[in-house]
Amino acid sequence: MAVAELELDAADGTGARIGPAPGGPPLGPRDGEEQRIFALVRLRGRPVGTVVGRVRAGDDPASVLAEQAADEIDVPDAPERPPAGEVPRATVVVATRERPGQLARALDSLLAQDHPDFEIVVVDNAPATDATRELISSAYAGRGVSYACEPAPGLAAAHNRGVLLATADIVAFTDDDVIADPHWLSALTRPFGEDPGLACATGLILPARLSTPAQILLESHGGFAKGFAARRYDPAHPPADEPLFPFTAGRFGSGANMAFRGEALKAVGGFDPATGTGTAAKGGDDLYAFVRLLAEGHPLHYTPEAIVWHHHRERWEDLCGQAYGYGAGLTACLTALLVRRPALLPSLLARLPRGLAHARTMTASRATDVAGSGVPGEHGAYTYPWPRHLSRLERRGLLYGPLGYVRARFAVRAARPRGPR
């Protein structure tokens, strides 16, 4: 399945036009066959939805998908964007480990941002080689990219190091396996300039490629996207359509596309170093930070205009690991919240029955063919294919998460340097 961007109303007056997603292969059916296309639909630059369509040889993909978008998407009016200068200064933190090729691709997209004032900090997490250090010193010296090594393993530890090194109050985070839209950082940081009380913002994550059954299944399972409408989550006014608020952290965004006001994040202790990829907890560092800030009364803003294109893992084995990690990271996050802020226990217990029902629905298996060739469905609708094996792994992860968090905490304590007796 090809991945593309479809503009419904090009600025030059040429009407609808389409092109491959950043870093993706050219569009077009091969050998007279039809081509399936997953397209981000934009209106004068603003994302308004996605469509999945089939284009036959000889057809104009832009016309075919634009007609489909008109039928499937309630396209709103798209006013002009505010000037790019109306954004605060930012530090972008990219945690990485032994993936210099992917990191270079991500850094190139970050250096092409239209944001007027930002720096990039690359945090090399528990490296086994000097490959990342050498990449930064040879290819990015003098280009606003700095290097730091964090010996403690785990994504949260790497992110905490980035927060300490940041010279801007707004700290944005993305991963080494993404390509950032040129407007990403401006869109992600602008809400902080508009709202001095805002502590966190998240953005839209879309697949860069859908070339394998594993990639398609992950995106069908909800991927990382959280919709195409901007939304503000305010603890002072809990959303009526979120009965588990604020514990449905996965609704708010993901770690590959998030930003924080540095002072607010530091005030709650930063990311829990016993969570995140690279620890026994398997994940949950981003979810922990979201809920921790919301629990302290800070609002969170989601903006679909802040787009990054994520390279999903290609292999079935990697998808199995992700399914297990998703379950483990969620319950590890909840365990971390209760350990570090016990006052949340009554609120969590009150939501537990609905939470268990939600977990059963979220992880339920759904029919798919043996190749796993579903198509990305509506996020949060739970109508997409999800094989039984992945369902079982996700549920096993849910059970393992608390134990994984305890193990990770012991590991963090054991790694701390001991002072003189």
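Here is a short chat about aromatic pairs and salt bridges in this predicted model.

Visitor: Why is the pair of Tyr233 and Phe252 called edge-to-face?

Guide: The ring planes of Tyr233 and Phe252 sit at 65°, and over 60 counts as edge-to-face. Their centres are 4.8 Å apart, and the limit for a pair is within 6.5 Å. Tyr233 belongs to strand β11, while Phe252 is in the loop between β11 and β12, 19 residues apart.

Visitor: And what makes Phe260 and Phe290 stacked?

Guide: Their planes are at 25°, and under 30 degrees is the cut-off for stacked. The centres are 6.2 Å apart. This pair brings together strand β12, home of Phe260, and helix α8, home of Phe290, 30 residues apart. Both residues are buried, and they form one aromatic cluster with Phe173 and Phe271.

Visitor: How do you know that Arg99 and Asp176 form a salt bridge?

Guide: Check the N to O distance: 2.5 Å for Arg99 and Asp176, against a cut-off of within 4 Å. Arg99 is in the loop between β5 and α2, and Asp176 in the loop between β8 and β9, so the bridge ties together parts 77 residues apart in sequence.

Visitor: Why is Asp176 buried?

Guide: Its relative accessible area is 3%, and buried means under 20%. Arg99 has 23%, so Arg99 counts as partly exposed.

Visitor: What makes Arg56 exposed?

Guide: Arg56 has a relative accessible area of 55%, and exposed means over 50%. Its salt-bridge partner is Asp59, at 3.3 Å, N to O. Asp59, at 30%, counts as partly exposed.

Notes
Residues are numbered from 1 along each chain as its sequence is written. This is a predicted model: local features need pLDDT of at least 70, side-chain atom pairs count only at pLDDT 80 or more; totals for chains, interfaces and linings use all residues. Side-chain values use heavy atoms; hydrogens and water are left out. Rings of Phe, Tyr and Trp (its six-membered ring) pair if their centres lie within 6.5 Å; planes under 30 degrees apart count as stacked, over 60 as edge-to-face and the rest as tilted. Helices (H or I, at least four residues) and strands (E, at least two) are DSSP runs, numbered from the N terminus. Buried means under 20% relative accessible area, exposed over 50%, partly exposed in between (1.4 Å probe, protein chains only). A salt bridge is a side-chain nitrogen of Lys or Arg within 4 Å of a carboxyl oxygen of Asp or Glu.
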